[in-house]
Amino acid sequence: MNEVQPPDMQEFVATCPKGIELLLAEELATLGGEPGKTTVAGVHVRASLETAYRFCLWSRLANRIVLCLGREEGIETADQLHVATAAIDWRSHLNPGDTLAVDFHGRSESIRHTRFAAQTVKDGVVERLVAEGRERPDVDLQRPDLRLYANLHRGRLTLGVDFSGDSLHRRGYRRDVGHAPLKENLAAALLVRAGWPALAKRGTPLVDPLCGAGTLLIEAAMMAADMAPNLARQRFGFHGWAGHRDAVWQEVRREAEARASIGRKRCKARLFGFDESPPALAAARANAMRAGIPALIELRGAGLGELVDPQDKPQDLPETPRGLLITNPPYGERLGELPALVRLYGQLGDRVKAAFPGWQLAVFTANPDLGHRIGLRAHKYYSLKNGPLDARLLLMEVPAHEGMEAVAETAPVRSEGAQMFANRLIKNRKRLRKWLKQSGERCYRLYDADMPEYALAIDVYGDRVHVQEYAPPKTIEPAQAQKRLFDALSVIPEVLDIAPDNLVVKRRERQSGKAQYRKHAASGERFEVREGRARLWVNLRDYLDTGLFLDHRPVRRMLGDMAAGKRFLNLFCYTGAATVHAALGPEPRDGSDLQGAHESVSVDLSNTYLDWARDNFALNGLDPSRHRVVRDDCLRWLETAGTEFDLIFLDPPTFSNSKKMADTLDVQRDHGRLVHLAMARLAPGGTLVFSNNQRRFQLDPELTGHYDVEDISAKTFDPDFQRRPGLHHCFLIRHRVPT
């Protein structure tokens, strides 16, 4: 193997997060290195040993600094990897009795597991040392004396000594990280891209309006105070390297300590952080203390609605310096987080335009569509990686204004589409107002894709709103669909006068098998609603459906009217809402209060929904000895049941798994058999209420030949669903009375 052995300058590789390689090359040059080839997430650089020590201490952007010991082309197999490793004279790098560890990166056709490859490199090192009379070194994966670096990319092997030890982004100050922390070197890269180093020298103020645990603020303060980011670190990887020269290192460190002492005193820049979370602010204060710059940062407990320019403004100095706002707001990786974030980004833009005219704004987000809600055009952006996420740093100029009139002009302006959507919501509320007042209903559908370009279903549950986004057709650009969704989410809270946190968003797609039973979240956030006499639990967040199908409200009301004193059977019972109505009976009329079903059985295959049904029964005080739940396949249960019922509700899913019918249940294909089995359990004079949600459903004509069938679908839609008459189909089926 060709060893790298220049007497003065040696070759190093500096690794970094993807997207900041050019910035790192510039930084290494500033620190005295001679950058060469730039690769993905890395920079090759030549440097003296003193300069390499300076890299480890001063680099704000690197993850690791690796001393290259050798390179070899054409490495594909484990044997070749072993031979190449054993070709290096490891005696000059590993002290006798010291422990080692190997970090391996990359792969080839025959080398696919990094642990196996690391073991192979270790074996090559041991073989060479033992062959030259050294004792076999021990491996310590946690705290080795020497950490080796191996990288295999397209057959090219690079071997070296990791001068860093722990990754250089771990400065040591951040033990309290808060939620979704930003890595320190990525935060530094954002500040460099936003021009902060030059601004800090001029004494420009910096504000992070959503500071969290303070990473951006602390990195900015260390830049402003000329502090080496890893000055507090006690041990680097090179401390265990046999070639380490401690006198050189101590001189580099003394220089950094002197610069930090002077820099903290001379720092003119003022840094401010805002956050409404007390735990986040506590973490930021503790982190700033450990970083040694607590006096340079001022933290305030305030939300975006309270965001103001924090600088003192003496009467004789009305114009204070205009500075940099930089922040890393939440991204909304889950659809359900979007309502609050649409409002947050919009509010950020409103407050920045009102309180910080003429400032620069830098926003780092993995959701550029949310960035558009700020209402400012980015004059420049940089693509970066935040872990696995593709993200962008958006740089914007906040327009200057004079006087309060200009502040008023910064009020949020809805797009034409958003205003049209808001108008439709207002129109629908007005249309439903009289019915809602008369019926007392508080759970209803307000909007159902009335405007094709806004393909949403919006359901109101008291002071909460459930929004389902229908998956857009392939002819619609995803970016355009996303923009319309954000437009809708921006106006719904305002029009309906609800808090954004009470708005839940899901995407509605065809579900197969048991997908409808799978959890989408685990909030456990359920609350009680009323529907007529019934009290019911609903959960807007954790499942595809909420626990209450609103379009079936008239059917449930009808079952309550029909069930007095009867034996009631609820098949595919879901959360048991229909059983609750049947057990409670009809609404009191003319002073009379009729009782509901004498007894009931509710059947479903899902334990999740049966537990939900039991909770609904308990909420309404139903006697579990008279109102039973049964976990079973409804087809199998009907085939074996021996009891007759006076009233049966059959509401099967459109499509589901079923071991009884070629592995699936298709309501169009299989409803005839279902109805016949249910009718076999129906007592003379009884009624089967058969309902389903297959849009193009056609009743099997053979059923009308056996039974009296009445299609009552048109009568089972309240005003909030009359726009979608095909949403469900409902039939009353009875045994024919012999003539």
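The following exercises with worked solutions concern helix packing and salt bridges in a predicted model.

Residues are numbered from 1 along each chain as its sequence is written. Local features need pLDDT of at least 70, side-chain atom pairs count only at pLDDT 80 or more, totals for chains, interfaces and linings use all residues, and side-chain values use heavy atoms, with hydrogens and water left out.

**Exercise 1.** Determine how helix α13 is oriented relative to helix α14.

Solution. Step 1: α13 (residues 416-439) and α14 (residues 478-496) pack at an angle of about 40°, and their axes lie 9 Å apart. Helices here are DSSP runs (H or I, at least four residues), numbered from the N terminus. Axes are lines fitted to C-alpha atoms over the stretch in contact, with angles running from 0 to 180 degrees between N-to-C directions.

Step 2: Angles under 35 degrees count as roughly parallel, over 145 as roughly antiparallel, 65 to 115 as roughly perpendicular and the rest as oblique. Therefore α13 is oblique to α14.

**Exercise 2.** State whether R669 and D670, partners in a salt bridge, are buried, partly exposed or exposed.

Solution. Step 1: A salt bridge is a side-chain nitrogen of Lys or Arg within 4 Å of a carboxyl oxygen of Asp or Glu. The closest N and O atoms of R669 and D670 are 2.9 Å apart.

Step 2: Buried means under 20% relative accessible area, exposed over 50%, and partly exposed in between (1.4 Å probe, protein chains only). R669, at 49%, is therefore partly exposed, whereas D670, at 8%, is buried.

**Exercise 3.** Classify K715 and E710 by accessibility.

Solution. Step 1: K715 and E710 form a salt bridge, with closest N and O atoms 3.8 Å apart.

Step 2: K715 has a relative accessible area of 65% and is exposed; E710, at 33%, is partly exposed.

Notes. Helices (H or I, at least four residues) and strands (E, at least two) are DSSP runs, numbered from the N terminus.
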